[in-house]
Each structure stands twice: as structure tokens, then as C-alpha cells.
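Please read this report alongside the sequence and the 3D view, moving between text and picture as each part of the chain is named.

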Amino acid sequence: MGTAARDDRDVSGLARTALPDRIWTGISRQHLARLIAELAPRWTAAGEDRLLERRGHERKRAAGAGPDHDLPFTDRVIATLVHLRFQLPHQALAELYRVDRSTVTRAIHEVRPLLAARGFAVPGEPGIRLRTLADLFAYAAARGVTIRLDGTEVQVRRPRAGKPGRRAFVSGKKKQNTEKATVATDEKGRTLWAGAFRPGRMHDQTAVRTEGIADLYERLPQVKSKVDAGYRGLAKEFPGQVEAPPLKPKKNAAPEEVAAYEEQRHRQSSERICVEHANAEHKQWRPLQRYLGRREHFEETFLAISGLVSDRAAAR
């Protein structure tokens with residue numbers, strides 16, 4: 001019994017020593033420490049709210065009384081980050097920490113929403129975070145930032161046969177079942193916002209229109225954006241604000257016209273390519289390469305990861 005207990009302590013102790021490293025969590029230890037300090041009060045408050053709802057009355061003894069958690073808050077954050085980084089099964093993390101699988105599942109379901117709700121870091125202004133598309137436009141208008149917009153798709157599980165809306169996830173571009181998100185960056189490829197989550201069949205432009213982007217362009221005419229050909233309709237509607245690639249000349253076009261087109265297309269592409277780099281940065285995290293979890297948790301997972309990516313990018 002003593003040997004078994006000692007082995008258990010050794011394994012969990014090794015996990016607590018190794019897993020906080022950047023290679024596992026995707027963030028530096030300094031960033032991890034700041035993140036834990038930021039989330040701890042919110043986690044405590046959320047736990048108190050759950051207990052109050054379950055009890056139906058205020059607590060009758062001091063906070064902190066009763067047994068300790070099998071998995072302390074710091075370990076809950078680290079386990080969630082490792083899961084987001086590598087999409088490790090909950091059971092594998094439970095074995096590393098020598099706890100029940102349900103403990104890890106509960107920890108991830110508690111911490112992931114806190115990460116998703118943080119929003120996106122603003123370069124040079126640590127006290128400000130952007131959470132909505134309206135926040136992004138207000139920031140771009142105030143700071144004179146030209147937004148780079150692009151859609152990205154992630155393969156997800158195929159909906160059950162016979163389920164309504166099953167075909168909505170079939171992407172015509174990827175020929176797979178996907179979910180789509182829209183990412184916005186500044187001229188240096190720093191993520192400022194991600195959202196407009198829609199099934200993969202929906203067009204990129206339709207996705208952002210359903211988020212009210214046309215109304216925001218009308219309200220803030222000083223905001224400018226650079227987009228790809230998928231947003232050409234917005235460029236036609238707001239020619240002074242939205243810049244899309246030029247139309248390809250006809251086959252019998254003069255060489256001078258073709259050369260001017262190529263020069264303009266290359267310039268616009270080189271100014272917009274930074275948002276593609278941001279999408280690639282997000283997809284260094286395994287769940288955004290191919291998402292294996294429940295589709296109803298995809299949006300939360302994407303927001304949690306992109307918020308962490310924005311923290312690192314804001315320091316550039």
C-alpha cells in the first residue's frame with residue numbers, strides 16, 4: 001500500500017512539474033501566472049453562484065470550509081490548457097493527475113468558459129479587451145486601424161443521419177463537415193477579434209453580414225478593411241471602406257491591363273496576408289486543426305484559444 005501510494009504521488013508530482021511548461025500549455029510560465037491570477041476570482045465567484053443556486057440560501061459557514069478539491073484551481077487551468085493545446089482525452093489527463101476522469105471533465109467545463117469570455121488583447125493597452133464586432137469597429141475607428149478580415153474553417157464531427165440541418169455543415173470548399181469562423185487582425189497580424197461562427201456551408205460574407213457588419217460600416221464610415229474575394233459584395237457596397245482584390249481581366253485583355261492587374265493584386269494580397277498568418281497561428285493548437293469534441297463546444301473552444309493567441313500577439 002505504501003509503495004503504491006508513493007508511486008501515485010510521484011506520477012502526479014511529475015505532472016505538476018512538467019505540464020506548466022510552455023511546450024504543454026502553449027504559453028509561457030509568466031503568462032500562465034498572470035492568467036491564473038486573472039481567472040481565480042471569476043472561478044471562485046462562479047462556484048459560489050452554483051452553490052447558492054443548488055442550496056437555495058446563503059452559506060451558513062465561512063468560505064473555504066469543508067474538504068479541499070481533488071484538483072486545485074492552478075491544476076484545473078493547466079489541465080484545460082493542455083487539453084486545448086493537444087486535444088488530449090480527459091482520461092489521459094486524469095491518469096497524469098491521479099484523479100477520476102469526471103474531475104478533469106468538470107475542471108475543463110469550468111475553466112474553458114472563463115477563457116472564452118476574456119476577449120482579445122489590444123496591443124499596447126493591457127487594460128482593454130475586445131469582445132464583440134462592435135468593440136472591434138469602435139477600436140479601429142478610434143485608433144485608425146485598418147482591419148484585415150478572413151474566414152477560416154475547421155473540420156468537425158458529422159451530424160447524425162436524419163438530423164435536421166445535417167447538410168448545413170458540408171463545406172463546398174473543403175468537401176468536409178466544417179464549422180466556420182471569421183478572424184480580424186491589424187496590419188501586423190495580431191488577432192483583434194474572432195466570431196461569426198456558422199456551419200461550413202454558409203458563405204464567408206453571409207456569416208459576417210448576419211453579425212451586423214454592414215450596419216457597423218454605415219455607422220463608422222472611417223473604418224477601413226482589407227478582405228479577400230469572398231467579401232467582394234461588401235467591397236461593392238462600401239467601396240471607400242472595404243478593399244477586395246481587383247477583378248481578373250478578360251482573356252483578350254491588353255498586356256498593360258494584365259500587368260496592372262497583377263501589380264494591384266499582388267499589392268493587395270501582400271497587405272492582407274497577415275490575417276492568413278494569424279489563422280495559421282491559431283491552428284498550431286490541435287482542436288483547430290480538426291475538432292473532435294461536441295460541436296456545441298466549438299465556439300467556446302475557438303474563443304478560448306484565439307484569446308490566448310491574441311495575448312501573445314499583442315506583445316509583438
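What follows describes confidence, then helices, then a surface patch, and finally salt bridges.

The structure is a predicted model, and its protein chain averages a pLDDT of 89, with 94% of the residues scoring at least 70. Over residues 1-9, however, the pLDDT is below 50, and beyond near neighbours in sequence this stretch has one contact in the model.

Two helices can be checked against the length that their residue counts predict. Helix 4, which covers residues 73-86, has 14 residues and should span 20 Å at 1.5 Å a residue, and the C-alpha atoms at its ends are indeed 20 Å apart, which agrees. Helix 6, made of the 16 residues 101-116, should by the same reckoning span 22 Å, and its end C-alpha atoms lie 23 Å apart, which agrees.

How is helix 4 placed with respect to the rest of the structure? Because 12 of its 14 residues are buried, helix 4 is largely enclosed by the rest of the structure. The buried residues include the nonpolar Phe 73, Val 77, Ile 78, Leu 81, Val 82 and Leu 84, and among them are also Asp 75, Arg 76, His 83 and Arg 85. After helix 4 comes Gln 87, whose phi is positive, near 55°. In helix 6 the buried residues include Val 104, Ile 108, Val 111, Leu 114 and Leu 115, together with Glu 110 and Arg 112.

On the surface, Ile 23, Trp 24 and Phe 86 make a nonpolar patch of about 290 Å². Trp 24 belongs to helix 2, which covers residues 22-25, and its relative accessibility of 33% means that Trp 24 counts as partly exposed, since that class lies between 20% and 50%.

Turning to charged side chains, the count comes to 23 salt bridges, and three of these pairs are set out below.

| Pair | Closest N to O distance |
|---|---|
| Glu 95 and Arg 98 | 3.4 Å |
| Arg 118 and Asp 311 | 2.8 Å |
| Arg 272 and Glu 276 | 3.3 Å |

The salt bridge between Arg 118 and Asp 311 has its closest N and O atoms 2.8 Å apart. This pair links distant parts of the chain, for Arg 118 sits in the loop between helix 6 and strand 1 (120-122), while Asp 311 sits in helix 12 (residues 298-314), 193 residues apart. Are these two partners buried or exposed? Arg 118 counts as buried because its relative accessibility is 2%, and Asp 311, at 14%, counts as buried as well.

In the pair of Glu 95 and Arg 98, Glu 95 has a relative accessible area of 43% and is therefore partly exposed, and Arg 98, with 39%, is partly exposed too.

The third pair, Arg 272 and Glu 276, lies within helix 11 (residues 255-282), where the two residues are four places apart, about one turn of the helix. An α-helix has 3.6 residues a turn, so residues three or four places apart point the same way. Arg 272 is buried, with a relative accessible area of 8%, whereas Glu 276 counts as partly exposed at 29% relative accessibility. Elsewhere, salt bridges that share partners join Glu 38, Arg 42, Arg 118, Arg 129 and Asp 311 into one network.

Key. Residues are numbered from 1 along each chain as its sequence is written. This is a predicted model: local features need pLDDT of at least 70, side-chain atom pairs count only at pLDDT 80 or more; totals for chains, interfaces and linings use all residues. Side-chain values use heavy atoms; hydrogens and water are left out. The expected span of a helix is 1.5 Å times one less than its number of residues. Buried means under 20% relative accessible area, exposed over 50%, partly exposed in between (1.4 Å probe, protein chains only). Patches are made of residues with over 30% relative accessible area and no salt bridge: like charges are joined within 9 Å, nonpolar side chains (Val, Leu, Ile, Met, Phe, Trp, Tyr) within 5 Å. Accessible areas come from the Shrake-Rupley method with a 1.4 Å probe; for residues, only the protein chains shown count as cover. A salt bridge is a side-chain nitrogen of Lys or Arg within 4 Å of a carboxyl oxygen of Asp or Glu. pLDDT is the predictor's confidence in each residue, from 0 to 100. Contact means heavy atoms within 4.5 Å.
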